[in-house]
Amino acid sequence: MFAALAVGAWIAPTLASAQPSPLVMGRLETYGRFAGDAPFCEAAGYKRLDPSGEAYRQAVDKVADRAGVGAQDAEAAAAAAQARESQEMQAGLDKVKARLADPSGDADLRLFATEVAARCHRVADDPLGSILLEPPPRSRASSVALRYADSLLEPLGRAGWQTPLIKAGAALAEAAGACEAHLGKGAADAAMAPLREPYVVPPDIYDQAFAYFDKRRAAGRAHPETAAQCRGLIAKRAAEFRKIPKLK
């Protein structure tokens with residue numbers, strides 16, 4: 001954000017010649033870190049309120065100007081802090097992604113997600129940082145961290161909400177998609193009716209689960225079965241689904 005701007009553009013020049021205090025420079029570095037966090041926070045579910053960074057830049061301009069910080073010093077502090085933060089966050093993300101295939105890395109992933117959510121909440125709670133980000137509605141940092149980690153684990157079937165019942169429902173949805181061309185959309189929809197029965201999907205994960213079912217159904221459409229294969233496929237998946245106890 002700051003680093004991408006032309007030299008001297010984000011802080012208005014001042015006439016002050018005094019050496020900026022460590023406290024002031026530390027605050028400017030904090031604002032730079034906030035800018036470095038913002039893209040990662042968006043990936044974690046926060047709303048980007050100022051994608052261009054212009055409103056945030058102007059707000060930081062005012063802080064620097066009131067403190068009498070020269071443009072060169074202010075820009076260098078914020079840009080360097082933003083770069084360090086971006087590199088640190090990306091390195092952490094790359095590290096946990098490299099281990100996603102191994103369930104033993106799930107604990108490290110959840111620790112990383114917790115750290116991301118804590119940083120993002122700090123940005124959103126700051127008067128200037130709130131120009132950049134808005135947290136998800138009615139969400140604590142802990143719930144944001146859980147959803148973020150789960151979003152990375154979902155394709156692997158290891159998200160916290162992917163119970164055996166949800167996984168069996170997804171397999172049924174995939175079969176419905178794979179046979180939709182032979183059965184027709186109405187029959188494929190009817191095949192998924194068990195997924196909407198009571199006690200299958202808890203209300204708090206309803207949207208997540210049905211988005212997952214829709215993805216699996218679409219994946220099935222991309223790899224259609226033959227008519228012969230479809231004769232027993234849906235019945236088999238439905239039977240497997242019904243064997244799993246429902247939560248009550």
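How many of the 20 residues of H6 are buried? The count is 14, so H6 is largely enclosed by the rest of the structure. This is a predicted model.

**Overall form**

The protein has nine helices and two strands. Along the sequence they follow the pattern α-β-α-α-α-β-α-α-α-α-α. The radius of gyration is 25 Å, well over the 18 Å that the globule rule gives for 248 residues, so the protein is more spread out than a compact globule. Along the principal axes, the C-alpha atoms fill a box of roughly 80 × 30 × 30 Å.

Of the 248 residues, 44% count as buried. The protein exposes about 13,100 Å². Carbon and sulfur atoms supply 58% of that area. Take the contacts between residues at least 6 apart in sequence: 80% of them join residues at least 24 apart.

**Helices H4 and H6**

Two helices can be checked for their span.

| Helix | Residues | Expected span | End C-alpha distance |
|---|---|---|---|
| H4 | 20 residues | 28 Å | 28 Å |
| H6 | 20 residues | 28 Å | 27 Å |

For H4, the end-to-end distance agrees with the span expected at 1.5 Å a residue. For H6 (residues 164-183), the distance agrees as well. H6 does bend, by about 35° at Gly-177. Gly-184 follows H6, and its phi is positive, near 95°.

H4 has a list of buried residues that includes Leu-109, Phe-112, Ala-113, Val-116 and Ala-117. Charged side chains are on it too: Asp-106 and Arg-119 are among the buried residues of H4. What do the buried residues of H4 pack against? Their partners are H1, H3, strand S2 (133-134) and H5.

**Two nonpolar cores**

In soluble globular proteins, nonpolar side chains tend to be buried together. Here the largest nonpolar core holds 39 residues. Leu-28, Tyr-31, Tyr-46, Tyr-56, Leu-133 and Tyr-148 touch the most other members. Helices H1 (22-43), H2 (54-66), H3 (71-98), H4 (106-125) and H5 (141-153) each supply at least two residues of this core.

Tyr-148 shows how the parts meet. Leaving aside neighbours within four places in sequence, Tyr-148 is in contact with Ala-43, Ala-44, Leu-93, Phe-112, Ala-113 and Val-116. Of these, Phe-112, Ala-113 and Val-116 are buried residues of H4.

Another core, of 27 residues, lies apart from the largest one. Its members include Ile-166, Ala-188, Ala-209 and Phe-213.

**Individual residues**

Which residue in the loop between S2 and H5 has a phi near 50°? That residue is Arg-138, and the value is positive in a residue other than glycine. At 83% relative accessibility, Arg-138 counts as exposed, because the cut-off is over 50%.

Tyr-199 also has a positive phi, near 75°, and is likewise not glycine. Tyr-199 sits in the loop between helix H7 (185-191) and helix H8 (206-222).

Asp-73 belongs to helix H3. Is Asp-73 buried, exposed or partly exposed? Its relative accessible area is 38%, so Asp-73 is partly exposed. Not counting residues up to four places away in sequence, Asp-73 touches Pro-20 and Met-25. Asp-73 and Leu-28 are 45 residues apart along the chain, and their C-alpha atoms are separated by 9.8 Å. Leu-28 is one of the core residues that touch the most other members.

Definitions and conventions. Residues numbered from 1 in each chain as written. Predicted model: local features only at pLDDT ≥ 70, side-chain atom pairs only at ≥ 80, totals over all residues. Heavy atoms only, no water. Helix = DSSP H or I, 4+ residues; strand = E, 2+ residues; numbered from the N terminus. Expected span 1.5 Å × (residues − 1). Bend = angle between axes of the 7 residues up to and from the residue. Buried < 20%, exposed > 50% of the residue type's maximum accessible area, 1.4 Å probe, protein only. Rg over C-alpha atoms; globule rule 2.2 N^0.38 Å. Contact = heavy atoms within 4.5 Å. Areas by Shrake-Rupley, 256 points an atom, 1.4 Å probe, with all protein chains shown as cover. Core = buried A, V, L, I, M, F, W, Y, C linked by side-chain atoms within 4.5 Å.
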